[in-house]
Amino acid sequence: MLEAVMSMHAYMLGVFFVFGSLVGSFLNVCIYRVPLAVSIVAPRSRCNRCGVPIAWYDNLPIISFFILAGRCRFCGVYIGVRHFWIELFVGLASAFLFSQYGVSFEFLYFFVFFSVLIVVTFIDIDHQIIPDGISYWGMATGVLLALHFEIAQMRWDVDFAQSILGLLFGGGLLWFVAWAYEKVTLREGLGFGDVKLMGFFGAHVGIEGVCFVLFYGAFLGSIVGVAMMIFGQAHKRTAIPFGPYLCLGLVLYELRIHELFGFWSVV
Ligand SMILES: [Zn+2]
């Protein structure tokens with residue numbers, strides 16, 4: 001009996017991994033098309049160089065990368081390894097969330113949130129922008145979910161007031177940092193996209209969450225920044241997109257890394 005349950009569980013983990021990798025494949029399309037303001041639904045994916053539409057059997061997540069060695073079947077242009085990693089990573093995240101939450105609202109919430117973070121991260125890396133639409137939708141859903149769960153008297157991370165305060169605190173604090181930085185150094189260091197993104201996060205995690213996300217984000221950002229300067233990849237003036245570190249900071253906060261390391265006992 002136990003064996004049957006275990007193998008059933010492994011099977012379902014596999015199903016959610018495949019589901020996640022398919023979503024990852026779609027996220028790759030979003031990352032490429034959203035900044036160009038092209039529809040994410042139609043037309044179907046095509047090679048960016050030769051324009052030949054990609055057949056379904058060449059568009060299988062993870063597998064197609066190995067069959068085609070990361071190249072276009074027709075013109076041979078190297079598409080790169082990033083698609084593969086995103087498909088793998090989103091697949092693993094889906095399986096992990098299923099193992100934690102089963103088929104539930106929590107699964108849906110965290111999986112959608114994680115998918116949005118992947119899209120924000122890679123659009124920021126590619127274009128140094130964070131689409132306003134994503135941040136505004138994020139703020140609205142954060143506040144509405146908090147309101148909904150408060151009215152329904154169900155457990156949620158933040159209540160309505162905490163969500164509003166988190167939004168104002170997250171956005172306001174980063175806006176102030178951006179403003180002060182510009183006043184002192186007379187150049188732009190922090191984009192307004194980061195300000196709105198932090199407002200979005202604040203609406204979901206409240207003031208306490210904002211503090212952790214900023215702490216993790218600044219910590220990871222400075223480690224990578226210093227490493228890049230040491231290895232000659234960047235100068236003091238190289239603008240490093242901050243969005244990806246904020247996204248990573250949010251993931252670490254949601255994983256409650258600070259509880260794992262007994263962070264509270266330190267401060
Ligand atoms: Zn091609």
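This text leads through a zinc site and two helix packings in a predicted model.

The zinc ion is held by four cysteine sulfur atoms: the SG atoms of Cys47, Cys50, Cys72 and Cys75 coordinate the zinc ion at 2.3 Å. Angles of 106 to 114 degrees among the four donor atoms make the site tetrahedral. Along the chain, the donors follow the spacing C-x2-C-x21-C-x2-C. Cys47 belongs to the loop between helix 1 (2–33) and helix 2 (63–68), and Cys72 to the loop between helix 2 and helix 3, so this pair ties together parts that lie 25 residues apart in sequence.

The description now turns to helix packing. Two packed helices are described by the angle between their axes and the distance between the axes. For helix 3 (residues 82–101) and helix 4 (residues 105–127), the angle is about 160 degrees and the axes are 9 Å apart. Angles over 145 degrees count as roughly antiparallel, and helix 3 and helix 4 are therefore roughly antiparallel to each other. Their crossing is right-handed. On the helix 3 side, the contact includes Ile86, Phe89, Val90, Leu97 and Phe98; on the helix 4 side, Phe107, Phe110, Phe111, Phe114 and Ile118 are among the residues met. By class, this contact has 14 nonpolar, one polar and three charged residues.

The second packing involves helix 7 (residues 192–230) and helix 8 (residues 243–254), which meet at an angle of about 110 degrees with their axes 6 Å apart. Helix 7 is therefore roughly perpendicular to helix 8, as angles of 65 to 115 degrees are classed in this way. The contact of helix 7 with helix 8 has 17 nonpolar, five polar and three charged residues.

Notes:
Residues are numbered from 1 along each chain as its sequence is written. This is a predicted model: local features need pLDDT of at least 70, side-chain atom pairs count only at pLDDT 80 or more; totals for chains, interfaces and linings use all residues. Side-chain values use heavy atoms; hydrogens and water are left out. Axes are lines fitted to C-alpha atoms, for helices over the stretch in contact, and angles run from 0 to 180 degrees between N-to-C directions. Helices (H or I, at least four residues) and strands (E, at least two) are DSSP runs, numbered from the N terminus. Angles under 35 degrees count as roughly parallel, over 145 as roughly antiparallel, 65 to 115 as roughly perpendicular and the rest as oblique. A crossing is left-handed if the near helix is turned anticlockwise from the far one by less than a right angle, and right-handed if clockwise. Contact means heavy atoms within 4.5 Å. Ala, Val, Leu, Ile, Met, Phe, Trp, Tyr, Cys and Pro count as nonpolar, Asp, Glu, Lys and Arg as charged, and the others, Gly among them, as polar. Donors are N, O and S atoms within 2.8 Å of the metal (3.2 Å for Na, K and Ca); water is not among the atoms, so sites may look incomplete. Four donors count as tetrahedral if all angles lie between 85 and 135 degrees; four count as square planar and six as octahedral if opposite donors are over 155 degrees apart and all others between 65 and 115; anything else is irregular.
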